[in-house]
Amino acid sequence: MSFYMGVKKVLGKFLIKCFYRCTVEGEENIPEGTRLLVCSNHISLHDPIVIAAACKRQICYMGKKELFKIPVFGGFLKSLGAFPIDRKSGNDVGAIRHSIALLEKESAVGIFPQGTRHPKVDPAGTPIQKGAGMLVDKTNASVLPVFIFTKKRKITPFFGKVVLKIGKPVSAEELKLGAEDLGGNEKYKIISERIFKHILELQ
C-alpha cells in the first residue's frame, strides 16, 4: 500500500463523514487506470482535500510553492503527490510539464478551471483560465467534472454540509471537437469553457 493510500485509509472516512459532513454522489463515475484530469469549481482551500478524500484514485494537485517551503508540511504534501506551482510567474513551465508527465503515466491530476477561489458567488459568472484546456489538448486526457455544493458556497468544517457531485468522464475528443484548427490560446480557452460547462451542469 502506498503512503497516500495509507493516509487516506486512516483519515478518509473521518474527513468525509465528520470533518466536512460530505455526501458523495457519482463515485461510480471515476474511471480506473486512465489518464484523467479532475476538474471542479473552486470555493475554498479545502476543495482539494474534500475531492481527494472522496475519490478512490490518487489525485495529484498543484499547490502554491510557498506551502512546500514549510518544514515537515512541505515534505508531507510531496509524499501525497502534490507538486508546487509559482502562481506569481503567470506561466510556470515546470509545473505544466510535470502535470503533462503525470497524465502521460495514466495518473489523475486535479486542476480548477477558475484558477483561483471564488467563494460565496455564482460560479457561472466567474472567469475561466486556459490551463485545463491546454492539458487536455496536450495529453488527450479525459476530464472528470466535479461540482462542490454548499448552501453558502463556502466550506465550514464540522458545521456546514458538503455535497460532492461527480459527473461522467468527458473525452478529449468531445471537448476539442470543432476547435482542432484554432490557435493555441483560443483553443485552450474554448476547451476550458466547455469543461466548466460540464461542471456547472452538475448543480
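Here is a quick tour of this structure, taking in its sheet, its helices, one loop glycine and its largest pocket. Keep in mind that this is a predicted model. At its heart for our purposes is an open sheet of 7 strands with mixed pairing. Strand S2 and strand S6 get a good share of the attention below, and then we turn to the pocket.

**The sheet as a whole**
- Reading across the sheet, the strands come in the order S1-S7-S6-S2-S5-S3-S4.
- S1 (22–25) and S4 (83–85) are the edge strands, and each has a single partner, so one side of each is left without a neighbour in the sheet.
- Going from one strand to the next, the twist averages 25°.

**Strand S2 and its partners**
- S2 covers residues 36–40, and 5 of its 5 residues are buried, so the rest of the structure largely encloses this strand.
- In a regular strand, side chains alternate between the two faces of the sheet.
- In S2, Leu36, Val38 and Ser40 point one way, while Leu37 and Cys39 point the other way.
- On one pairing, S2 runs parallel to S5, with 4 bridges joining them; cysteine 39 has isoleucine 111 in S5 as its bridge partner.
- S2 also runs parallel to S6, this time with 5 bridges.
- Two of the residue pairs between S2 and S6 are easy to look up: valine 38 is partnered by leucine 144, and serine 40 is partnered by valine 146.

**Strand S6 and strand S7**
- S6 spans residues 142–149 and is mostly covered, with 6 of its 8 residues buried.
- S6 pairs with S7 (residues 162–166) in the antiparallel sense, over 4 bridges.
- To spot this pairing, look for phenylalanine 149, whose bridge partner in S7 is valine 163.

**Strand S3 and strand S4**
- S3 (residues 59–64) and S4 run parallel and are joined by 3 bridges.
- Lysine 64 stands opposite isoleucine 85 in S4.

**Helices lying across the sheet**
- Helix H4 (residues 93–104) lies across four strands, namely S2, S3, S4 and S5 (108–111), and runs at about 145° to S4.
- Helix H7 (residues 184–200) lies across S2 and S6, running at about 45° to S6.

**A glycine in a loop**
- Buried or exposed: which is glycine 33? Glycine 33 has a relative accessible area of 58%, so it counts as exposed, the cut-off being over 50%.
- Glycine 33 sits in the loop between S1 and S2.
- Setting aside neighbours within four places in sequence, glycine 33 is in contact with Arg57 and Glu106.
- Glycine 33 and leucine 177 are 144 residues apart along the chain, and 24 Å separates their C-alpha atoms.

**The largest pocket**
- Rolling a probe the size of a water molecule over the atoms shows where empty space is left.
- The largest pocket has a volume of about 1500 Å³.
- 47 residues line the largest pocket, and those nearest its centre are Pro48, Tyr61, Met62, Gly63 and Arg87.
- Which elements give two or more residues to the lining of the largest pocket? They are helix H1 (3–19), helix H2 (47–54), S3, helix H3 (73–79), S5 and helix H5 (131–139).
- Sorted by class, the lining of the largest pocket has 29 nonpolar, 11 polar and 7 charged residues.

Technical notes
Residues numbered from 1 in each chain as written. Predicted model: local features only at pLDDT ≥ 70, side-chain atom pairs only at ≥ 80, totals over all residues. Heavy atoms only, no water. Pairing = 2+ DSSP bridges. Axes fitted to C-alpha atoms, helices over the stretch in contact; angles between N-to-C directions. Contact = heavy atoms within 4.5 Å. 1 Å grid on protein atoms, 1.4 Å probe; cavity = no way out; pocket = protein on both sides within 12 Å on 5 of 7 lines; lining within 4 Å. Points joined across faces, edges and corners; volume = space filled by probe spheres on them. Nonpolar A, V, L, I, M, F, W, Y, C, P; charged D, E, K, R; others polar. Buried < 20%, exposed > 50% of the residue type's maximum accessible area, 1.4 Å probe, protein only.
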